[in-house]
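Here is a short report on a two-chain model. Look over the sequence and the fold before reading on.

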Amino acid sequence: MAWLKVIALLLLSHMTQRPFRTGLTIVGVALGVAASVAVRTANVEVLHSFEQAVLTVAGPTTLEVSGGDFGLDEQLIVKVREVPGLASAAPVIVQTAVRLDAGQPGGALQVIGLDLLAEFDSRGFRVMQGQDDNPLADLLKADSLYLGRKLAAEWHLERGSTIQLQVGARQVQARIAGVIQDRSDRVSSWDHVAIMDIAAAQVLFGMVGKLDRIDLVTSPEVEIEAAAQAVRAVVPPHVAVERPASRTRQVEQMVRAFRLNLTVLSWVGLLVGMFLIYNTMAFAVAQRRREIGIYRAIGMTESRVAWLFLAEAVLFGLLGGIVGSVGGILLAQKLVTLVSRTISDLYTPVSQGSASWFDSAELWQASVEGILIGCLVSMIGAIGPSLDASRTATVRALAPGDYESSRQLRVGGLAAGGIGLLVLAGLLAFAGPLGGVPILGYLATFCLLAGLSCLAPFCITGWKKRTLQGERPAGIQGAMREIAVEHAARNPGRNGVTVSALMVGLAIMIGVLIMVRSFRHTVEVWINETVIADIVVAPSTWLREANSGSGAKSLPAGWRDVLTTIPGVAEVDTYRDVRVEVKGQRVAIVSRDLRLHARRSQYLVRQGNSTDLLNQAVDSGGVVVSEVLANRLGIREGQSLEIMTRQGAKSFPVVGVFYDYATDGGKLVMDRGLYQSLWQDELVTVFPIYLNDGADREQVRQAIAGGLEQAQDRTLPPLIISNGELRKEILDIFDRTFLLTYVLEAIAVIIAMLGIVNTLVTSVLERRREFATLRAIGGSEGQIRQLVLWEAAYLGVVGIALGLVGGGLLSLLLIKVINKQSFGWTIQMILPFGALAQAVGLAAVATLVAGYFPARWAAQQPVVEGLREE
Amino acid sequence: MHQESQKLRFPGDMVKLVQLSKTYERGEAAVAALHEVSLDVGRGEFCAFVGPSGCGKSTLLNLVGGLDRPSSGEFYLDGRATTTFASNDWTMARRELIGIVFQAFHLVPGLTALENVALPLMLRGDGGRSVAQRVEEVLELVHMGHRKHHRPGELSGGEQQRIAIARALAHRPKLLLADEPTGNLDSHQGTEIMTLIRSLTKAGDVTVLLVTHSQTAAQCADYIWTMQDGRLVSRAPSPALTGVA
């Protein structure tokens, strides 16, 4: 107890003595923890709300029969009901409509069509209707829509209100017949959806005779897997029979690499925070060396000195962890939108959800984890300085003027270790992924950054030696520079840590910058080479929000005839994009007129000529597959690929592999004729239109709008976008995807800057006597400022130089190893010199700004007090 | 402490040095700070060391306090050989046997006078009322009871040194090492401090080793050793004892 009292007494005294440094360190840890907690929380929340939506709506369902994008023939339910061991089989439609607000598209609305008479009591919701209603008649009316409680409140709708909806290309009106509530009155997925009777939904979404899903409840005495086998025997081969939870697992699997990348990036803040803690504690040890001497002189053991400093670091971690957890959870609420939008853009529609677990026990779990992370990071960062403190030689500590470390850093040995780590990073980069995840690639990244950190002290002292060996700079300016460099080099250990923190922040910034710019350049090249059509006619919701359900993303094939008659239109392609499962992978099957595409456009193929390959695909009934899919399935040009079609399993020759950056899930392309013969799908997702030479694009666009308006009744104008607009939209999605990356990077760089402030304040405190002496012999305040700024500049130059090297190597790892293994994309590497110059300029300015305040403070210190220090 | 060293007891001496040397490495050069010093200091004796700067006085005191290690020679503390003492053995010695007073006071700046004095007792694991009583007792002994809640920055040099002495005495050491205790004080304060230290040796069984530049301070001792170039060159009884002063 007495020992705990000693620790408490000394900690309190230390933290109150240096409130600025204490605050700076806590802020640094808090930022790192906040980034980590926010990303983890957002990642979990997005999938959690997806899972919750799936499971809530599924209710007691044990198996789902699903036809994917093609839906199911409703007659199938009759066959399924005959399968023994099933307690019930319920038809379901899940489609998306868009609310129209004064004719303009507003929020998306997921509409679930259920057999309300049969299922009113089984799915866990209840409907609030008026007392005088005839509930039965109201349930079954064709325009009756029941809206989730929160959505009704957000949209200011109540029972009896009407709502305008856009479904595919049509505009329809529905009546709010009641409000849905979860039976338990808690926050639930029912709050943000609408339900209606299955028959009404079939009419509304143009799916008469079709279903999206059949939900099955198996009898308790029957094993679910046995029941699934029995159902599979009676349904067509392309129809999936699976448990509801497997949808969540599929999504988890699909976004695993994306989430992992994000998580690792969020750890950079913690890594830089670790450097900051090291710095702070190293400073504390240096500054309190005399105190350590006193403790040892009056009977404190070596181990207890070490524990004293570790305890202080843990306290920093605890406070930083608490602040960071709160900040992280607040930040997560913003990130949830970004993450869910990115996942929807790239993978599969996920709603932002109701943020339900922000109120739950998991909130506490996230907070506790954040605090533990803060403490752990701080402890790791403080191990070195604490051991240094415990080994302090008492006599030297008590001797006047000896603040510096009594242990000389083995700069050469550390540098050799650093080179060893760099070699190891190189070897790890050549290893393949483990379980589809680039674990060794991440390890290589860690070794790279650790290796360069180990080289930092050597660079600091090496530079100094070169400077001093060279011609001595003349004048006071030169002398100032030399004093600054000499002082920086005198503490290679502590300054090495600062330089490392800056290096890590900058290397990450540069590495990610090169990767993102290279990726963007690759995508731009891909767009320019492959997005050739002059105008694209698409469903009005095509580029908006997350769509689910085939109704919202298809157009009638008959429009092609209308479009080909428009003056100025040379040719019209029919592009159909549906998702199917191929060997356990969710794959986009694109069908189009391949001969037309061969004439007018191209795919960026890995080998051979696009035109020849596309014609060959038509002739041989083959497919061209994306590079991502080819890598995942391990197939090459000339091999064949088996796909489950509506006509059963078919084998297709793979005539070519092409680069594609539109989806992460993989894509295969076949001729529309072949597709229609196998899937009997007449719908079209978009119409790419090629114009005659010299045709006025804007005039043709207006003519298309006019022509389609006359051709269809009660139809909303489709989206008619030009080639330029489409290219811009694709790049906007790309930029949105990396927005989160920039936020996390910025946090890491800010923490690195805090490290520089910390180091310079340390340096100034240690050198008060030196500065006071300089002032006493005639040095001006300005000269003292210069001295500190020169030191900042020196550390900045070394950090930036290492950061450039690290960033370049990191970009190679990101592009050639991590991205390739995570997503399968081939990225052409470019060096964006302008952006690199901006990043370096930013780091340089930030370094000098970070150096300015300690410099000003140093210059303002009273001379007498400084001289009295000893 | 080690079993073997228990056998080697010199009941009469608190400190016994046998050809003790300390050499510092300065690059390629070796500097002898202390050269084969042999010395016996009996229990309850008050011994002063004087000599020019750099003659080895403080080095001698650091070795006796276990703050530094000798390069060669033997050192018996309270009858026990210290040659094989590990770092923790010295820590225990400082907790039980030795109290140290520094020229620069070396109080912990963030703690009050009371907390500074209590710190050695707390480090030993003492707690509760016994600590509070002892701290009050030694603070009264150095006449600083009225300033116990002040931090070092709020005290004069003389007051800080009194607190430092109180801290050195708190755990009832048998050996008090004082390194230039009056070096940072004016003559009036210096006299007060030396009177205080002198009174301690008279009152109890405390052996005092004093290092000083000040002849006035040295004259409070029982006898005075003069040092030069790391050697003890002469021993003389204090004028105070002989009645010369």
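What pLDDT does chain A average? Chain A averages a pLDDT of 80, and 83% of its residues score at least 70. Here pLDDT is the predictor's confidence in each residue, from 0 to 100. This is a predicted model, in which local features need pLDDT of at least 70, side-chain atom pairs count only at pLDDT 80 or more, and totals for chains, interfaces and linings use all residues. Residues are numbered from 1 along each chain as its sequence is written, while chains are lettered from A and ligands numbered from 1 in the order in which they are written.

One stretch of chain A scores low. Over residues 402-407 of chain A, pLDDT stays under 50. The model still has 15 contacts beyond four places in sequence for this stretch. Two residues are in contact if their C-beta atoms, placed from the backbone, lie within 7 Å.

**The two chains**

The table sets out both chains. Helices (H or I, at least four residues) and strands (E, at least two) are DSSP runs, numbered from the N terminus. A residue is buried if 20 or more other C-beta atoms lie within 10 Å of its own, exposed if 12 or fewer, and partly exposed in between; C-beta atoms are placed from the backbone.

| Chain | Helices and strands | Buried share |
|---|---|---|
| Chain A | 30 helices, 22 strands | 49% of 870 residues |
| Chain B | 9 helices, 10 strands | 47% of 245 residues |

Contacts also reach along the sequence. In chain A, 84% of the contacts between residues at least 6 apart join residues at least 24 apart. In chain B, residues 24 or more positions apart account for 69% of the contacts with a separation of 6 or more.

**Where the chains meet**

The contact takes 22 residues from chain A and 24 residues from chain B. On the side of chain A, helix H1 (2-17), helix H11 (289-297) and helix H14 (394-398) each supply at least two residues. H1(A) gives the most, with 9 residues. The chain A side divides into 11 nonpolar, 7 polar and 4 charged residues. Ala, Val, Leu, Ile, Met, Phe, Trp, Tyr, Cys and Pro count as nonpolar, Asp, Glu, Lys and Arg as charged, and the others, Gly among them, as polar.

H1(A) also meets a covered helix of chain B. In helix H4 (residues 113-123) of chain B, 11 of its 11 residues are buried. Among them are Leu114(B), Glu115(B) and Asn116(B). The buried residues of H4(B) pack against H1 of chain A, together with helix H3 (87-96), helix H5 (129-141) and helix H6 (157-169) of chain B. Gly125(B) follows H4(B) and has a positive phi, near 100°.

**A mixed sheet in chain A**

Six strands form an open sheet in the order E15-E16-E20-E17-E19-E18 (chain A), with mixed pairing. Two strands pair if DSSP finds at least two bridges between them. Strand E15 (576-582) and strand E18 (640-645) of chain A are the edges, each pairing on one side only. Neighbouring strands are turned by 40° against each other on average, direction ignored. Axes are lines fitted to C-alpha atoms, for helices over the stretch in contact, and angles run from 0 to 180 degrees between N-to-C directions.

E15(A) and strand E16 (residues 585-592) of chain A pair in the antiparallel sense over 7 bridges. There, Val578(A) has Ile589(A) of E16(A) as its bridge partner.

What about E20(A): how many of its residues are buried? The count is 5 of its 5 residues. E16(A) and E20(A) run parallel, joined by 5 bridges. E17(A) and E20(A) pair in the antiparallel sense over 2 bridges. Val669(A) in E20(A) is the bridge partner of Val590(A) and also of Val624(A).

Two helices lie across this group of strands. Helix H21 (residues 610-620) of chain A crosses strand E17 (623-626), strand E19 (648-658) and strand E20 (667-671) of chain A, running at about 165° to E19(A). Helix H23 (residues 672-679) of chain A lies across E15, E16, E18, E19 and E20 of chain A, at about 95° to E20(A).

**An antiparallel sheet in chain A**

Another open sheet has 4 strands in the order E14-E21-E13-E22 (chain A), with antiparallel pairing. Its edge strands are strand E14 (569-572) and strand E22 (719-722) of chain A. The twist averages 25° from one strand to the next. E14(A) and strand E21 (residues 687-691) of chain A are joined by 3 bridges. Val572(A) has Ile689(A) in E21(A) as its bridge partner. Helix H25 (residues 723-737) of chain A packs on the sheet, touching strand E13 (535-538) and E22 of chain A.
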